[in-house]
Amino acid sequence: MSKTTIHWFRRDLRLRDNPALSDAAQEGSVICLFILDDEDAGTQATGAASRWWLHHSLAALTEALKQRGGRLILRRGKAGKIIPDVVSETGADRIVWNRLYEPWSIQRDKQLKSDLTDLGIEADSFASDMIREPWQVETKAGKPFSVFSPFWRAVQDQGDPPSPLPIPDRIYFHTGHVTTDRLEDWGLLPTKPNWAAEFEATWTPGADGAAARMAEFLSGPVNDYKDGRDFPARGATSLMSAPLHFGEVSPRQVWHATRSAMEAGDVRDAAGWSFLRELGWRDFNRHLLFYNPHTVTENFRDNFDSFPWRDDETALEGWTRGRTGYPLVDAGMRELWRTGIMHNRVRMVVASFLVKHLLIDWRQGEAWFRDTLVDADLANNVGGWQWTAGCGADAAPYFRIFNPVAQGEKFDPKGDYIRRWVPELGALPDKYLNKPWEASDKVLAEAGVALGKTYPKPIVDHADARKRALAAFEETKLKQETN
Ligand code: FAD
(Lines give C-alpha, C1' and ligand atoms only; values in the text may rest on other atoms or scores of the structure.)
Protein backbone atom coordinates (compact mmCIF):
# COMPACT_ATOMS: atom_id res chain seq x y z
CA MET A 1 0.00 0.00 0.00
CA SER A 2 1.42 3.41 -0.87
CA LYS A 3 2.30 5.95 1.76
CA THR A 4 0.07 8.89 2.74
CA THR A 5 1.81 11.97 4.13
CA ILE A 6 0.20 14.98 5.75
CA HIS A 7 1.96 18.23 4.89
CA TRP A 8 1.13 20.57 7.75
CA PHE A 9 1.25 24.12 6.36
CA ARG A 10 2.10 26.62 9.07
CA ARG A 11 3.96 29.80 8.14
CA ASP A 12 5.15 28.38 4.82
CA LEU A 13 2.13 29.34 2.72
CA ARG A 14 3.80 28.60 -0.62
CA LEU A 15 4.52 25.67 -2.95
CA ARG A 16 7.94 26.83 -4.20
CA ASP A 17 11.01 26.25 -1.99
CA ASN A 18 8.94 24.30 0.49
CA PRO A 19 11.27 21.51 1.70
CA ALA A 20 8.64 19.63 3.73
CA LEU A 21 6.13 19.66 0.86
CA SER A 22 8.79 18.60 -1.67
CA ASP A 23 9.77 15.74 0.57
CA ALA A 24 6.14 14.65 1.06
CA ALA A 25 5.57 14.70 -2.71
CA GLN A 26 8.40 12.24 -3.35
CA GLU A 27 6.45 9.18 -2.34
CA GLY A 28 2.75 8.31 -2.17
CA SER A 29 -0.08 10.79 -1.71
CA VAL A 30 -0.22 14.08 0.13
CA ILE A 31 -2.86 15.67 2.37
CA CYS A 32 -2.45 19.44 2.74
CA LEU A 33 -3.55 20.68 6.15
CA PHE A 34 -3.64 24.08 7.85
CA ILE A 35 -4.61 24.46 11.51
CA LEU A 36 -5.66 27.71 13.13
CA ASP A 37 -4.12 26.97 16.51
CA ASP A 38 -4.94 29.94 18.72
CA GLU A 39 -5.05 27.80 21.84
CA ASP A 40 -1.39 26.80 21.84
CA ALA A 41 -0.30 30.28 20.76
CA GLY A 42 -2.23 31.84 23.68
CA THR A 43 -1.39 35.54 24.04
CA GLN A 44 0.86 35.26 20.99
CA ALA A 45 -1.99 34.20 18.69
CA THR A 46 -2.15 35.96 15.32
CA GLY A 47 -3.35 39.56 15.84
CA ALA A 48 -6.29 41.21 14.10
CA ALA A 49 -4.45 42.85 11.16
CA SER A 50 -2.40 39.71 10.54
CA ARG A 51 -5.60 37.67 10.55
CA TRP A 52 -6.78 39.76 7.59
CA TRP A 53 -3.55 38.83 5.80
CA LEU A 54 -3.81 35.18 6.82
CA HIS A 55 -7.33 34.92 5.38
CA HIS A 56 -6.23 36.16 1.98
CA SER A 57 -3.00 34.18 1.99
CA LEU A 58 -4.91 30.96 2.75
CA ALA A 59 -7.36 31.77 -0.04
CA ALA A 60 -4.43 32.21 -2.45
CA LEU A 61 -2.84 28.92 -1.32
CA THR A 62 -6.19 27.11 -1.69
CA GLU A 63 -6.39 28.39 -5.26
CA ALA A 64 -2.79 27.40 -6.08
CA LEU A 65 -3.45 23.88 -4.78
CA LYS A 66 -6.76 23.69 -6.67
CA GLN A 67 -5.02 24.53 -9.94
CA ARG A 68 -2.87 21.43 -9.35
CA GLY A 69 -5.82 19.22 -8.48
CA GLY A 70 -5.37 19.44 -4.70
CA ARG A 71 -7.12 21.11 -1.81
CA LEU A 72 -6.30 22.64 1.54
CA ILE A 73 -7.95 21.07 4.58
CA LEU A 74 -8.71 23.67 7.24
CA ARG A 75 -9.18 22.83 10.90
CA ARG A 76 -9.28 24.97 14.00
CA GLY A 77 -8.04 24.09 17.51
CA LYS A 78 -5.10 22.50 19.27
CA ALA A 79 -2.72 20.90 16.77
CA GLY A 80 -1.93 18.17 19.32
CA LYS A 81 -5.57 17.04 19.12
CA ILE A 82 -6.33 17.75 15.45
CA ILE A 83 -3.34 16.02 13.90
CA PRO A 84 -3.98 12.62 15.53
CA ASP A 85 -7.66 13.02 14.49
CA VAL A 86 -6.72 13.63 10.84
CA VAL A 87 -4.24 10.74 10.99
CA SER A 88 -6.91 8.33 12.19
CA GLU A 89 -9.56 9.68 9.76
CA THR A 90 -7.27 9.27 6.75
CA GLY A 91 -4.95 6.44 7.69
CA ALA A 92 -1.94 8.73 7.06
CA ASP A 93 1.35 7.21 8.11
CA ARG A 94 3.58 10.26 8.11
CA ILE A 95 3.46 14.00 8.81
CA VAL A 96 5.93 16.68 7.75
CA TRP A 97 6.30 20.39 8.49
CA ASN A 98 8.80 23.24 8.26
CA ARG A 99 10.30 24.41 11.54
CA LEU A 100 9.38 27.64 13.37
CA TYR A 101 11.33 29.10 16.27
CA GLU A 102 8.87 30.80 18.63
CA PRO A 103 9.16 29.24 22.10
CA TRP A 104 5.46 28.21 22.20
CA SER A 105 5.71 26.62 18.78
CA ILE A 106 8.89 24.69 19.64
CA GLN A 107 7.29 23.35 22.80
CA ARG A 108 4.13 22.25 20.93
CA ASP A 109 6.04 20.65 18.05
CA LYS A 110 8.37 18.68 20.35
CA GLN A 111 5.45 17.25 22.27
CA LEU A 112 3.61 16.44 19.06
CA LYS A 113 6.60 14.68 17.53
CA SER A 114 6.97 12.52 20.60
CA ASP A 115 3.20 11.72 20.78
CA LEU A 116 3.08 10.81 17.09
CA THR A 117 6.18 8.64 17.34
CA ASP A 118 4.52 6.79 20.22
CA LEU A 119 1.55 6.16 17.92
CA GLY A 120 3.88 4.77 15.27
CA ILE A 121 3.46 7.80 12.99
CA GLU A 122 6.61 9.20 11.40
CA ALA A 123 7.04 12.95 11.97
CA ASP A 124 9.77 14.91 10.17
CA SER A 125 10.55 18.62 10.19
CA PHE A 126 12.61 20.73 7.78
CA ALA A 127 14.42 24.09 7.64
CA SER A 128 12.88 26.90 5.60
CA ASP A 129 12.15 29.98 7.73
CA MET A 130 15.72 31.30 8.13
CA ILE A 131 18.88 31.80 6.11
CA ARG A 132 20.66 29.60 8.69
CA GLU A 133 18.96 27.89 11.61
CA PRO A 134 19.83 29.18 15.12
CA TRP A 135 22.25 26.35 15.93
CA GLN A 136 24.06 26.65 12.58
CA VAL A 137 25.63 29.98 13.54
CA GLU A 138 27.89 30.19 16.58
CA THR A 139 30.77 32.24 17.98
CA LYS A 140 34.34 30.94 17.77
CA ALA A 141 33.85 29.68 21.33
CA GLY A 142 30.83 27.68 20.17
CA LYS A 143 28.32 29.99 21.90
CA PRO A 144 25.18 31.77 20.63
CA PHE A 145 25.61 35.37 19.47
CA SER A 146 24.21 38.41 21.24
CA VAL A 147 25.81 41.09 19.03
CA PHE A 148 24.65 41.56 15.46
CA SER A 149 27.83 42.50 13.52
CA PRO A 150 29.85 39.35 14.32
CA PHE A 151 26.68 37.27 13.88
CA TRP A 152 26.23 38.68 10.40
CA ARG A 153 29.89 38.12 9.53
CA ALA A 154 29.52 34.49 10.60
CA VAL A 155 26.43 34.11 8.39
CA GLN A 156 28.23 35.67 5.42
CA ASP A 157 31.30 33.48 6.03
CA GLN A 158 29.14 30.42 5.45
CA GLY A 159 28.48 31.58 1.88
CA ASP A 160 25.19 31.22 0.03
CA PRO A 161 22.51 29.14 1.78
CA PRO A 162 21.10 26.14 -0.14
CA SER A 163 19.38 27.06 -3.41
CA PRO A 164 15.59 27.30 -3.34
CA LEU A 165 13.64 24.23 -4.43
CA PRO A 166 11.24 24.38 -7.38
CA ILE A 167 7.53 23.58 -7.03
CA PRO A 168 7.37 19.76 -6.99
CA ASP A 169 6.83 18.48 -10.56
CA ARG A 170 4.02 16.29 -9.48
CA ILE A 171 2.04 16.04 -6.25
CA TYR A 172 -0.32 13.07 -5.92
CA PHE A 173 -3.03 14.46 -3.72
CA HIS A 174 -4.92 12.17 -1.37
CA THR A 175 -8.31 11.51 -2.95
CA GLY A 176 -10.31 10.24 0.03
CA HIS A 177 -12.90 12.39 1.80
CA VAL A 178 -11.53 14.63 4.56
CA THR A 179 -13.78 17.17 6.25
CA THR A 180 -12.65 20.78 6.24
CA ASP A 181 -13.83 24.03 7.79
CA ARG A 182 -14.86 26.87 5.49
CA LEU A 183 -12.35 29.73 5.52
CA GLU A 184 -15.22 32.25 5.56
CA ASP A 185 -16.49 30.72 8.82
CA TRP A 186 -13.25 31.45 10.66
CA GLY A 187 -14.10 35.15 10.89
CA LEU A 188 -10.56 36.30 10.20
CA LEU A 189 -11.79 39.41 8.39
CA PRO A 190 -13.14 42.42 10.26
CA THR A 191 -16.77 43.27 9.60
CA LYS A 192 -18.34 45.94 11.77
CA PRO A 193 -16.51 48.23 11.28
CA ASN A 194 -14.35 47.05 8.40
CA TRP A 195 -11.17 48.81 9.52
CA ALA A 196 -9.19 46.93 6.87
CA ALA A 197 -10.86 48.68 3.92
CA GLU A 198 -7.60 50.36 2.91
CA PHE A 199 -5.56 47.16 3.26
CA GLU A 200 -7.02 45.85 0.00
CA ALA A 201 -5.56 48.73 -1.99
CA THR A 202 -2.15 48.30 -0.34
CA TRP A 203 -1.56 44.55 -0.36
CA THR A 204 -1.82 41.38 -2.45
CA PRO A 205 -1.32 38.52 0.02
CA GLY A 206 -0.21 35.15 -1.36
CA ALA A 207 2.89 33.71 -3.02
CA ASP A 208 2.16 35.30 -6.43
CA GLY A 209 1.77 38.74 -4.86
CA ALA A 210 5.03 38.23 -2.93
CA ALA A 211 6.92 37.17 -6.06
CA ALA A 212 5.60 40.17 -8.00
CA ARG A 213 6.57 42.56 -5.20
CA MET A 214 10.06 41.09 -4.91
CA ALA A 215 10.60 41.32 -8.69
CA GLU A 216 9.37 44.91 -8.68
CA PHE A 217 11.75 45.81 -5.83
CA LEU A 218 14.74 44.18 -7.52
CA SER A 219 13.94 45.87 -10.82
CA GLY A 220 14.90 49.31 -9.44
CA PRO A 221 14.06 50.51 -5.90
CA VAL A 222 16.69 48.20 -4.34
CA ASN A 223 19.45 50.35 -5.87
CA ASP A 224 18.26 53.23 -3.68
CA TYR A 225 18.07 50.99 -0.59
CA LYS A 226 21.38 51.86 1.04
CA ASP A 227 20.82 55.62 0.91
CA GLY A 228 17.04 55.72 0.84
CA ARG A 229 15.94 53.09 3.34
CA ASP A 230 15.63 55.58 6.19
CA PHE A 231 13.33 57.96 4.31
CA PRO A 232 9.72 56.87 4.74
CA ALA A 233 8.36 58.73 1.70
CA ARG A 234 10.95 57.34 -0.69
CA GLY A 235 9.58 53.82 -1.30
CA ALA A 236 13.12 52.39 -1.10
CA THR A 237 12.33 49.32 1.03
CA SER A 238 10.99 45.98 -0.16
CA LEU A 239 7.75 45.67 1.88
CA MET A 240 8.49 41.95 2.07
CA SER A 241 8.07 41.58 5.84
CA ALA A 242 4.51 40.18 5.80
CA PRO A 243 5.21 37.77 2.89
CA LEU A 244 8.31 36.63 4.80
CA HIS A 245 6.42 36.26 8.06
CA PHE A 246 3.72 34.09 6.48
CA GLY A 247 6.25 32.20 4.38
CA GLU A 248 4.74 33.21 1.06
CA VAL A 249 8.38 33.53 0.15
CA SER A 250 11.38 32.05 1.98
CA PRO A 251 14.40 34.07 3.10
CA ARG A 252 16.52 31.78 0.93
CA GLN A 253 14.46 32.76 -2.12
CA VAL A 254 14.96 36.43 -1.24
CA TRP A 255 18.69 35.83 -0.73
CA HIS A 256 19.20 34.03 -4.04
CA ALA A 257 17.01 36.42 -6.06
CA THR A 258 19.07 39.33 -4.71
CA ARG A 259 22.42 37.62 -5.23
CA SER A 260 21.46 36.67 -8.82
CA ALA A 261 20.45 40.25 -9.57
CA MET A 262 23.80 41.39 -8.11
CA GLU A 263 25.71 38.89 -10.22
CA ALA A 264 23.81 39.96 -13.34
CA GLY A 265 24.86 43.55 -12.61
CA ASP A 266 21.27 44.75 -12.18
CA VAL A 267 21.75 45.47 -8.48
CA ARG A 268 24.80 47.26 -7.14
CA ASP A 269 26.79 45.22 -4.61
CA ALA A 270 26.58 47.83 -1.85
CA ALA A 271 22.80 48.11 -2.27
CA GLY A 272 22.27 44.33 -2.42
CA TRP A 273 24.36 43.65 0.68
CA SER A 274 22.76 46.47 2.58
CA PHE A 275 19.35 44.89 1.88
CA LEU A 276 20.52 41.36 2.77
CA ARG A 277 21.98 42.69 6.00
CA GLU A 278 18.47 43.67 7.13
CA LEU A 279 17.29 40.18 6.23
CA GLY A 280 20.16 39.14 8.52
CA TRP A 281 18.50 41.06 11.38
CA ARG A 282 15.46 38.85 10.89
CA ASP A 283 17.65 35.77 11.41
CA PHE A 284 19.43 37.47 14.33
CA ASN A 285 16.14 38.13 16.15
CA ARG A 286 15.12 34.49 15.68
CA HIS A 287 18.55 33.39 16.91
CA LEU A 288 18.19 35.59 20.02
CA LEU A 289 14.69 34.37 20.79
CA PHE A 290 15.66 30.74 20.30
CA TYR A 291 18.44 31.01 22.89
CA ASN A 292 16.62 33.44 25.19
CA PRO A 293 12.97 32.32 25.14
CA HIS A 294 12.15 34.29 28.31
CA THR A 295 12.64 37.55 26.37
CA VAL A 296 9.19 37.22 24.81
CA THR A 297 7.98 39.01 27.93
CA GLU A 298 11.10 39.75 29.96
CA ASN A 299 13.92 42.25 29.45
CA PHE A 300 17.01 40.78 27.82
CA ARG A 301 19.02 43.03 30.16
CA ASP A 302 17.66 42.42 33.62
CA ASN A 303 19.00 45.75 34.88
CA PHE A 304 15.76 47.12 33.34
CA ASP A 305 13.59 44.96 35.59
CA SER A 306 13.18 47.74 38.13
CA PHE A 307 12.58 50.48 35.53
CA PRO A 308 9.83 52.84 36.77
CA TRP A 309 7.35 52.46 33.88
CA ARG A 310 4.27 54.66 34.15
CA ASP A 311 0.62 53.69 33.78
CA ASP A 312 -0.95 56.40 31.65
CA GLU A 313 -4.04 55.31 29.75
CA THR A 314 -4.64 58.76 28.24
CA ALA A 315 -1.12 59.05 26.86
CA LEU A 316 -1.23 55.46 25.58
CA GLU A 317 -4.49 56.17 23.80
CA GLY A 318 -3.08 59.37 22.27
CA TRP A 319 -0.17 57.33 20.95
CA THR A 320 -2.27 54.48 19.52
CA ARG A 321 -4.62 56.95 17.80
CA GLY A 322 -1.86 59.11 16.34
CA ARG A 323 -2.77 62.13 18.47
CA THR A 324 0.43 62.93 20.36
CA GLY A 325 0.93 66.35 18.81
CA TYR A 326 4.26 65.24 17.28
CA PRO A 327 3.57 65.01 13.53
CA LEU A 328 6.08 62.25 12.64
CA VAL A 329 4.87 60.05 15.50
CA ASP A 330 1.24 60.65 14.57
CA ALA A 331 1.90 60.00 10.86
CA GLY A 332 3.45 56.63 11.72
CA MET A 333 0.67 55.54 14.05
CA ARG A 334 -1.97 56.51 11.48
CA GLU A 335 -0.13 54.75 8.64
CA LEU A 336 -0.11 51.66 10.87
CA TRP A 337 -3.82 51.84 11.62
CA ARG A 338 -4.87 52.40 8.03
CA THR A 339 -2.50 50.07 6.16
CA GLY A 340 -1.17 47.58 8.73
CA ILE A 341 2.43 48.61 8.12
CA MET A 342 4.88 51.27 9.28
CA HIS A 343 8.24 52.24 7.89
CA ASN A 344 11.22 51.00 9.97
CA ARG A 345 12.64 54.46 10.71
CA VAL A 346 9.23 55.59 11.92
CA ARG A 347 8.77 52.40 13.99
CA MET A 348 11.95 53.34 15.84
CA VAL A 349 10.72 56.90 16.40
CA VAL A 350 7.22 55.96 17.64
CA ALA A 351 8.60 53.16 19.82
CA SER A 352 11.20 55.46 21.33
CA PHE A 353 8.49 58.06 21.94
CA LEU A 354 6.35 55.55 23.85
CA VAL A 355 9.11 54.17 26.06
CA LYS A 356 11.23 57.28 26.56
CA HIS A 357 8.96 60.31 26.17
CA LEU A 358 5.93 58.67 27.78
CA LEU A 359 7.78 56.12 29.96
CA ILE A 360 5.23 53.46 28.99
CA ASP A 361 6.42 49.85 29.16
CA TRP A 362 7.69 48.47 25.83
CA ARG A 363 5.41 45.44 26.32
CA GLN A 364 2.36 47.67 25.83
CA GLY A 365 3.75 48.96 22.55
CA GLU A 366 4.70 45.46 21.46
CA ALA A 367 1.13 44.28 22.13
CA TRP A 368 -0.36 47.14 20.08
CA PHE A 369 1.98 46.42 17.17
CA ARG A 370 1.18 42.70 17.44
CA ASP A 371 -2.49 43.44 16.93
CA THR A 372 -2.22 46.12 14.25
CA LEU A 373 0.73 45.12 12.02
CA VAL A 374 0.14 42.83 9.05
CA ASP A 375 3.78 41.75 9.45
CA ALA A 376 3.57 41.21 13.24
CA ASP A 377 6.30 38.70 13.98
CA LEU A 378 7.15 37.70 17.54
CA ALA A 379 10.95 37.63 17.15
CA ASN A 380 11.18 40.86 15.13
CA ASN A 381 8.61 42.70 17.20
CA VAL A 382 10.08 41.81 20.58
CA GLY A 383 13.57 42.39 19.13
CA GLY A 384 12.58 45.80 17.70
CA TRP A 385 10.94 46.95 20.95
CA GLN A 386 13.72 45.77 23.23
CA TRP A 387 16.31 47.28 20.89
CA THR A 388 14.55 50.65 20.98
CA ALA A 389 13.91 50.58 24.72
CA GLY A 390 17.58 49.84 25.37
CA CYS A 391 16.87 46.63 27.30
CA GLY A 392 17.58 44.26 24.38
CA ALA A 393 20.70 42.52 23.09
CA ASP A 394 22.95 44.85 21.07
CA ALA A 395 20.38 47.57 21.77
CA ALA A 396 20.36 51.32 21.22
CA PRO A 397 21.65 52.85 24.48
CA TYR A 398 18.87 54.13 26.69
CA PHE A 399 20.33 57.62 26.88
CA ARG A 400 20.09 58.05 23.09
CA ILE A 401 16.64 59.58 22.90
CA PHE A 402 15.20 60.27 19.47
CA ASN A 403 14.00 63.82 19.03
CA PRO A 404 10.82 63.35 16.94
CA VAL A 405 11.12 66.86 15.49
CA ALA A 406 14.74 66.42 14.36
CA GLN A 407 13.95 62.93 13.02
CA GLY A 408 11.11 64.34 10.92
CA GLU A 409 13.24 67.19 9.59
CA LYS A 410 16.04 64.82 8.68
CA PHE A 411 14.16 61.87 7.24
CA ASP A 412 11.06 63.55 5.83
CA PRO A 413 12.66 66.81 4.69
CA LYS A 414 9.91 67.81 2.26
CA GLY A 415 7.17 66.61 4.59
CA ASP A 416 5.65 64.23 2.03
CA TYR A 417 5.18 61.46 4.59
CA ILE A 418 3.65 63.70 7.23
CA ARG A 419 1.39 65.46 4.75
CA ARG A 420 0.08 62.11 3.52
CA TRP A 421 -0.89 60.76 6.94
CA VAL A 422 -1.61 63.99 8.84
CA PRO A 423 -3.40 65.97 6.14
CA GLU A 424 -4.78 68.56 8.57
CA LEU A 425 -1.22 69.97 8.74
CA GLY A 426 -0.74 69.81 4.97
CA ALA A 427 -0.82 73.54 4.32
CA LEU A 428 1.80 74.42 6.95
CA PRO A 429 5.15 75.63 5.57
CA ASP A 430 7.88 72.92 5.74
CA LYS A 431 9.62 74.90 8.46
CA TYR A 432 6.77 74.30 10.93
CA LEU A 433 5.52 70.94 9.77
CA ASN A 434 7.36 69.03 12.51
CA LYS A 435 6.74 71.66 15.20
CA PRO A 436 3.44 73.42 14.51
CA TRP A 437 3.50 74.91 18.04
CA GLU A 438 6.34 77.20 16.96
CA ALA A 439 4.30 78.75 14.13
CA SER A 440 2.72 82.17 14.73
CA ASP A 441 -1.05 82.50 15.02
CA LYS A 442 -1.05 84.05 11.56
CA VAL A 443 0.84 81.14 9.96
CA LEU A 444 -1.41 78.63 11.71
CA ALA A 445 -4.56 80.47 10.66
CA GLU A 446 -3.39 80.65 7.04
CA ALA A 447 -2.77 76.90 7.08
CA GLY A 448 -6.19 76.24 8.65
CA VAL A 449 -4.63 74.76 11.78
CA ALA A 450 -6.13 75.42 15.21
CA LEU A 451 -3.81 73.78 17.72
CA GLY A 452 -5.72 71.88 20.38
CA LYS A 453 -8.74 71.73 18.03
CA THR A 454 -7.89 70.54 14.52
CA TYR A 455 -4.59 69.03 15.67
CA PRO A 456 -3.42 68.30 19.25
CA LYS A 457 -0.85 70.28 21.17
CA PRO A 458 2.17 68.09 22.15
CA ILE A 459 1.17 65.73 24.96
CA VAL A 460 4.64 66.15 26.48
CA ASP A 461 7.38 68.71 26.01
CA HIS A 462 10.41 67.09 24.37
CA ALA A 463 13.05 68.67 26.62
CA ASP A 464 11.11 67.87 29.82
CA ALA A 465 10.41 64.31 28.65
CA ARG A 466 14.05 63.79 27.83
CA LYS A 467 15.12 64.92 31.31
CA ARG A 468 12.47 62.73 32.94
CA ALA A 469 13.57 59.66 30.92
CA LEU A 470 17.22 60.14 31.79
CA ALA A 471 16.34 60.58 35.46
CA ALA A 472 14.30 57.34 35.40
CA PHE A 473 17.25 55.56 33.85
CA GLU A 474 19.65 56.94 36.46
CA GLU A 475 17.24 55.89 39.22
CA THR A 476 17.22 52.34 37.81
CA LYS A 477 21.01 52.27 37.66
CA LEU A 478 21.23 53.56 41.23
CA LYS A 479 18.81 50.89 42.48
CA GLN A 480 20.97 48.28 40.80
CA GLU A 481 24.11 49.56 42.43
CA THR A 482 22.60 49.68 45.92
CA ASN A 483 21.03 46.20 45.62
P1 FAD B 1 13.23 46.01 4.26
O2 FAD B 1 14.01 47.18 4.73
O3 FAD B 1 12.94 45.91 2.80
O4 FAD B 1 13.97 44.73 4.80
C5 FAD B 1 13.87 43.43 4.19
C6 FAD B 1 13.41 42.42 5.23
O7 FAD B 1 14.38 42.31 6.26
C8 FAD B 1 12.14 42.82 5.93
O9 FAD B 1 11.02 42.44 5.19
C10 FAD B 1 12.25 42.08 7.26
O11 FAD B 1 11.88 40.73 7.14
C12 FAD B 1 13.74 42.16 7.52
N13 FAD B 1 14.05 43.34 8.36
C14 FAD B 1 14.24 44.61 7.96
N15 FAD B 1 14.56 45.40 9.01
C16 FAD B 1 14.55 44.59 10.09
C17 FAD B 1 14.81 44.81 11.47
N18 FAD B 1 15.13 46.01 11.97
N19 FAD B 1 14.70 43.76 12.31
C20 FAD B 1 14.39 42.53 11.84
N21 FAD B 1 14.16 42.27 10.54
C22 FAD B 1 14.23 43.28 9.69
N23 FAD B 1 9.56 43.51 11.53
C24 FAD B 1 8.69 42.51 11.31
O25 FAD B 1 8.83 41.77 10.31
N26 FAD B 1 7.67 42.27 12.18
C27 FAD B 1 7.48 43.02 13.29
O28 FAD B 1 6.56 42.75 14.07
C29 FAD B 1 8.37 44.10 13.53
N30 FAD B 1 8.22 44.91 14.60
C31 FAD B 1 9.12 45.93 14.81
C32 FAD B 1 8.95 46.75 15.94
C33 FAD B 1 9.83 47.80 16.17
C34 FAD B 1 9.65 48.66 17.41
C35 FAD B 1 10.88 48.04 15.29
C36 FAD B 1 11.82 49.18 15.52
C37 FAD B 1 11.05 47.24 14.17
C38 FAD B 1 10.18 46.18 13.91
N39 FAD B 1 10.32 45.35 12.79
C40 FAD B 1 9.44 44.32 12.60
C41 FAD B 1 11.48 45.48 11.89
C42 FAD B 1 11.29 46.37 10.65
O43 FAD B 1 10.72 47.59 11.01
C44 FAD B 1 10.43 45.72 9.55
O45 FAD B 1 10.87 44.41 9.29
C46 FAD B 1 10.52 46.52 8.25
O47 FAD B 1 10.09 47.84 8.46
C48 FAD B 1 9.66 45.88 7.18
O49 FAD B 1 9.68 46.65 6.01
P50 FAD B 1 10.34 46.09 4.68
O51 FAD B 1 9.82 44.72 4.41
O52 FAD B 1 10.08 47.12 3.63
O53 FAD B 1 11.85 46.00 5.11
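**Exercise 1. For the second largest cavity of this predicted model, state how the lining residues divide by class and which domains it lies between.**

Solution. Step 1: the lining of the second largest cavity holds 4 nonpolar, 4 polar and 5 charged residues. Step 2: this lining is made up of 13 residues, and those nearest the centre are Arg-11, Asp-12, Arg-14, Ser-128 and Asp-129. Step 3: the space in this cavity is about 50 Å³. Step 4: both domain 1 (4-128) and domain 2 (130-161 + 207-291) give residues to the lining, so the second largest cavity lies between them.

**Exercise 2. Determine the volume of the largest cavity and the element that gives the most residues to its lining.**

Solution. Step 1: searching the whole structure for cavities of 30 Å³ or more yields 3. Step 2: the largest cavity has a volume of about 460 Å³. Step 3: its lining numbers 29 residues, with Arg-11, Gln-44, Thr-46, Trp-104 and His-245 nearest the centre. Step 4: the elements that give two or more residues to this lining include strand S1 (4-9), strand S2 (29-36) and helix H5 (103-118); S2 gives the most, with 3 residues. Step 5: by class, the lining of the largest cavity has 14 nonpolar, 6 polar and 9 charged residues. Step 6: domain 1 (4-128) and domain 3 (302-482) each supply at least three residues of the lining.

**Exercise 3. Identify the helix that gives the most to the lining of the second largest pocket.**

Solution. Step 1: the second largest pocket has a volume of about 500 Å³ and is lined by 26 residues, among them Arg-16, Ala-207 and Glu-248. Step 2: at least two lining residues come from each of helix H3 (48-67), helix H8 (207-218) and helix H11 (251-263). Step 3: H8 gives the most, with 6 residues. Step 4: the lining of this pocket comprises 15 nonpolar, 5 polar and 6 charged residues.

**Exercise 4. Locate the residues with unusual backbone geometry, Leu-359, Asp-394 and Pro-193, and decide whether Leu-359 and Asp-394 are buried or partly exposed.**

Solution. Step 1: most residues other than glycine have a negative phi, and most peptide bonds are trans. Step 2: Leu-359 has a positive phi, near 55 degrees, and occupies the loop between helix H15 (344-357) and helix H16 (362-372). Its relative accessible area is 4%; because the cut-off for buried is under 20%, Leu-359 is buried. Step 3: Asp-394 has a positive phi of about 50 degrees and lies in the loop between helix H17 (378-389) and helix H18 (404-411). At 27% relative accessibility, Asp-394 is partly exposed. Step 4: Lys-192 and Pro-193 are joined by a cis peptide bond, and Pro-193 is in the loop between helix H6 (148-157) and helix H7 (199-202).

Notes
Residues numbered from 1 in each chain as written. Predicted model: local features only at pLDDT ≥ 70, side-chain atom pairs only at ≥ 80, totals over all residues. Heavy atoms only, no water. Helix = DSSP H or I, 4+ residues; strand = E, 2+ residues; numbered from the N terminus. Buried < 20%, exposed > 50% of the residue type's maximum accessible area, 1.4 Å probe, protein only. 1 Å grid on protein atoms, 1.4 Å probe; cavity = no way out; pocket = protein on both sides within 12 Å on 5 of 7 lines; lining within 4 Å. Points joined across faces, edges and corners; volume = space filled by probe spheres on them. Nonpolar A, V, L, I, M, F, W, Y, C, P; charged D, E, K, R; others polar. Domains from an automatic or database assignment.
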